[in-house]
Amino acid sequence: MKAPDGNKLAILNALNSGGFISGQQLGEQLGISRAAVGKHIHSLQEMGLDIFKVTGKGYRLNNSAGLLHRSKINDYYAELGGNTACVEVQSIIDSTNSELMRRIQSDTPLDSGTVLVAEMQQAGRGRRGRVWQSPFGANLYFSYFWRLDDGLQAAMGVSIAVGLAVYDTLKALYQLDVELKWPNDIYLDGKKLAGVLVELDGQLQGPCQLVIGIGINVHMPDSASQHIDQAWTDLSQHVEGLEKNKLVAYLCFYLEQRLAQYRQTGLNDMYKQWNQLNAFAGQCVELNTGHRSWRGICEGIDHQGGVRIRQDGEVKSYYGGEISLRKAEL
């Protein structure tokens, strides 16, 4: 799929101003026919945008979260007290994580703290190669490059810190009380709202480079939600007045705070807070590593970020795999 051309982007920007706009108005603004406008609208709908038409009124975009603009992100970031954020915005990409990993592996110079966001991913990825639904302009697709000098072992608990950064962001912006699922998911009202994917490149003892991917459901269209195989929610169901540029700025700011804290003290000061937000606290879960599985009661995480599971009165920590709720006799 090609990136949207100038006319499509102009139509998007016109629709993004809110309210209805007629095909005739759009055609006059762009110097094209109403039929051509209709074809562009249809193409945008195929890309996942929720655009509807009302006879006598015209077209309207069912999404008030806005399109991404680097200058707006930096303005919001400055309001938080930060300097200029190192943010790159792309329209369509295969995966923001994949792009940053390619740059790392090709020795492309990257500053720690570089952020890549996109309007759409054609090959968005979750853990274990799962597809992350990434329709155009609907959700947030965010990747952050971070350099850590203490080796791969020291990076083991980073996803815990990132989950707390997402919590900080959503609490500060929208007063939402989300919960965290080990090792990388963010839940709201028992449904998945966001996910984290941390990928690493480096040495066991030497410097390592991390790409921290964060996907947040903002305004998921029905056409994409049909492909999701678990209970989900998005910000539009809980918040009015969403602005994606502000969300990116806040996420940059709070992620920097949590990573600075992690660099200084690891999870020593964070794991207790994470346990207060544990979505599966005290519940029967199944831990699956791909080769083996265990069932027990979820007792939160330890100071290294491992999940603690109680079986037959004994609590053990596990550092790989993922957990899911299970109704079963223990």
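Contact here means heavy atoms within 4.5 Å. The legends below describe a predicted model.

**View 1. The whole protein.** The predicted chain folds into nine helices and 14 strands. Its C-alpha trace spans about 70 × 45 × 35 Å along the principal axes. The radius of gyration is 21 Å, which agrees with the value near 20 Å for a compact globule of 330 residues. Of these 330 residues, 51% count as buried. Among contacts with a separation of 6 or more, 66% join residues 24 or more positions apart.

**View 2. L30 and its contacts.** L30 lies in helix α2, which covers residues 23-30. Is L30 buried, partly exposed or exposed? Its relative accessible area is 24%, and buried means under 20% while exposed means over 50%, so L30 is partly exposed. Which residues does L30 touch, leaving aside its neighbours within four places in sequence? They are N7, A10 and I11. A10 and L30 are 20 residues apart in sequence. In space, their C-alpha atoms are 7.8 Å apart.

**View 3. Helix α1 against helix α3.** Helix α1 covers residues 6-15, and helix α3 covers residues 34-46. The two helices pack with their axes 10 Å apart. The angle between them is about 80°. Angles of 65 to 115 degrees count as roughly perpendicular, so α1 and α3 are roughly perpendicular to each other. On the α1 side, the contact is made by N7, K8, I11, L12 and L15. On the α3 side, V37, H40, I41, S43 and L44 take part. Six residues of this contact are nonpolar, three are polar and one is charged. Two of the α1 residues, N7 and I11, also appear in View 2, where they are in contact with L30.

**View 4. The seven-stranded sheet.** This sheet is open, and its pairing is mixed. In what order do its seven strands lie? The order is β3-β4-β5-β9-β8-β7-β6. The edge strands are β3 (87-93) and β6 (179-181), and each pairs on one side only. Neighbouring strands are turned by 20° against each other on average, direction ignored.

**View 5. Strands β4 and β5, with helix α5 across the sheet.** Strand β4 holds residues 115-121, and strand β5 holds residues 140-148. They pair in the antiparallel sense over four bridges. L116 has S143 of β5 as its bridge partner. Helix α5 (residues 96-105) lies across β3, β4, β5, β8 (191-202) and β9 (208-216). The helix runs at about 30° to β5.

**View 6. The hairpin of β11 and β12.** Strand β11 (residues 293-301) and strand β12 (residues 307-311) pair in the antiparallel sense. Three bridges join them. I301 stands opposite V307 in β12. Five residues lie between the strands of this hairpin. Which residue of the hairpin takes a positive phi near 95°? That residue is G305.

**View 7. The hairpin of β12 and β13.** β12 also pairs with strand β13 (residues 314-318), in the antiparallel sense and over five bridges. What is the bridge partner of V307 in β13? The partner is Y318. V307 thus links this view to View 6, where V307 stands opposite I301. Two residues lie between β12 and β13. In this hairpin, D312 takes a positive phi near 55°.

Notes. Residues are numbered from 1 along each chain as its sequence is written. This is a predicted model: local features need pLDDT of at least 70, side-chain atom pairs count only at pLDDT 80 or more; totals for chains, interfaces and linings use all residues. Side-chain values use heavy atoms; hydrogens and water are left out. Two strands pair if DSSP finds at least two bridges between them. Axes are lines fitted to C-alpha atoms, for helices over the stretch in contact, and angles run from 0 to 180 degrees between N-to-C directions. Angles under 35 degrees count as roughly parallel, over 145 as roughly antiparallel, 65 to 115 as roughly perpendicular and the rest as oblique. Ala, Val, Leu, Ile, Met, Phe, Trp, Tyr, Cys and Pro count as nonpolar, Asp, Glu, Lys and Arg as charged, and the others, Gly among them, as polar. Buried means under 20% relative accessible area, exposed over 50%, partly exposed in between (1.4 Å probe, protein chains only). The radius of gyration is taken over C-alpha atoms; the globule rule is 2.2 Å times the number of residues to the power 0.38.
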